[in-house]
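Thank you for making the time this morning. I would like to walk you through one structure, and I will try to define each term when I come to use it.

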Amino acid sequence: MFDVSYTIYDHGEDGLAEGEIFILDLHGFSFKQFLDIVKNTEELLFYGKFLQEASPVRLMCNHIINTSSIIDGIMSLVRPVMNKEVQELVRFHKAGDNSILDFIEKEVLPIDYGGTNGTIDEHYNEWLKVFETKRYVAANEFTS
């Protein structure tokens, strides 16, 4: 789905989208999941390096919502390997906090996050249709 998003927008002269804002919802994130991340630190760091240095996107901001004290532990592991610029682009929002509305307009956010732009399920179903269309096109290109 991440790759598909690059194919549908007008990317300008340099081929990149103007930028991406990521929202990571940690609702239901458990201590067991935290331990799984700690066990797989190498993979997490590899993915972080990809996002910082190789992803074909301009990172505008990461909003991590519904956070708990577990996040403090995770960030103490990750923050030392993040470059300063990326560190400044990460915003944390505690559970029940609507501070994300200070950064993103209500009209853009799904209802699930205090916005007015449909539900996450509606957006998911729309993107799934786009994804399926792109999969069909890509499959035909390989068989032609």
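**Confidence and overall layout**

Among the elements of the chain, helix α1 (residues 2-8) has the lowest mean pLDDT, at 63, and β3 has the highest, at 85, where pLDDT is the predictor's confidence in each residue, from 0 to 100. This is a predicted model, so local features need a pLDDT of at least 70 and side-chain atom pairs count only at pLDDT 80 or more, while totals for chains, interfaces and linings use all residues. Residues are numbered from 1 along each chain as its sequence is written, and side-chain values use heavy atoms, with hydrogens and water left out. Over the chain the average pLDDT is 78, and 78% of the residues score at least 70. Where pLDDT is low, the predicted coordinates should not be read in detail.

As for the elements themselves, the chain holds six helices and three strands, these being DSSP runs numbered from the N terminus, with H or I over at least four residues for a helix and E over at least two for a strand. Going along the sequence, the pattern is α-β-α-α-β-α-α-β-α. Of the 144 residues in the chain, 24% count as buried, and here buried means under 20% relative accessible area, exposed means over 50%, and partly exposed lies in between, with a 1.4 Å probe and protein chains only. If we take the contacts in the chain with a separation of 6 or more, 69% of them come from residues 24 or more positions apart, a contact being heavy atoms within 4.5 Å.

**The sheet**

How are the three strands ordered in the sheet? They form an open sheet in the order β1-β2-β3, with parallel pairing, and two strands are said to pair if DSSP finds at least two bridges between them. Because β1 (20-25) and β3 (90-94) stand at the edges and each has a single partner strand, one side of each is left without a neighbour in the sheet. From one strand to the next the twist averages 15°, using axes that are lines fitted to C-alpha atoms (for helices, over the stretch in contact) and angles that run from 0 to 180 degrees between N-to-C directions.

Looking at the pairings in turn, β1 and strand β2 (residues 59-67) are joined in the parallel sense over six bridges. Leu24 stands opposite Ile64 in β2, and Asp25 has Ile65 in β2 as its bridge partner. On to the other pairing, β2 and β3 run in the parallel sense over five bridges, with Asn62 having Val90 in β3 as its bridge partner.

**A histidine in β2**

Is His63 buried or exposed? This residue, which lies in strand β2, is buried, with a relative accessible area of 2%. Its side chain makes a polar contact of 2.9 Å with the side chain of His93; a polar contact is a pair of N or O atoms within 3.5 Å, and within protein one must be able to donate a hydrogen and the other to accept it, while residues adjacent in sequence count only if both atoms are side-chain atoms. Leaving aside residues up to four places away in sequence, His63 touches a set of residues including Ile21, Phe22, Arg91, Ile100 and Phe103.

**Salt bridges in helix α2**

A search of the whole structure finds two salt bridges, each defined as a side-chain nitrogen of Lys or Arg within 4 Å of a carboxyl oxygen of Asp or Glu. In one of them, Lys32 pairs with Asp36, with the closest N and O atoms 3.3 Å apart, and both residues lie in helix α2 (residues 31-39), four residues apart, about one turn of the helix. Lys32 counts as exposed at 57% relative accessibility, whereas Asp36 counts as partly exposed at 26%. The side chains of Lys39 and Asp36 also meet in a salt bridge, at 3.4 Å from N to O, and Lys39 is exposed, with a relative accessible area of 66%. Through shared partners, these salt bridges join Lys32, Asp36 and Lys39 into one network.
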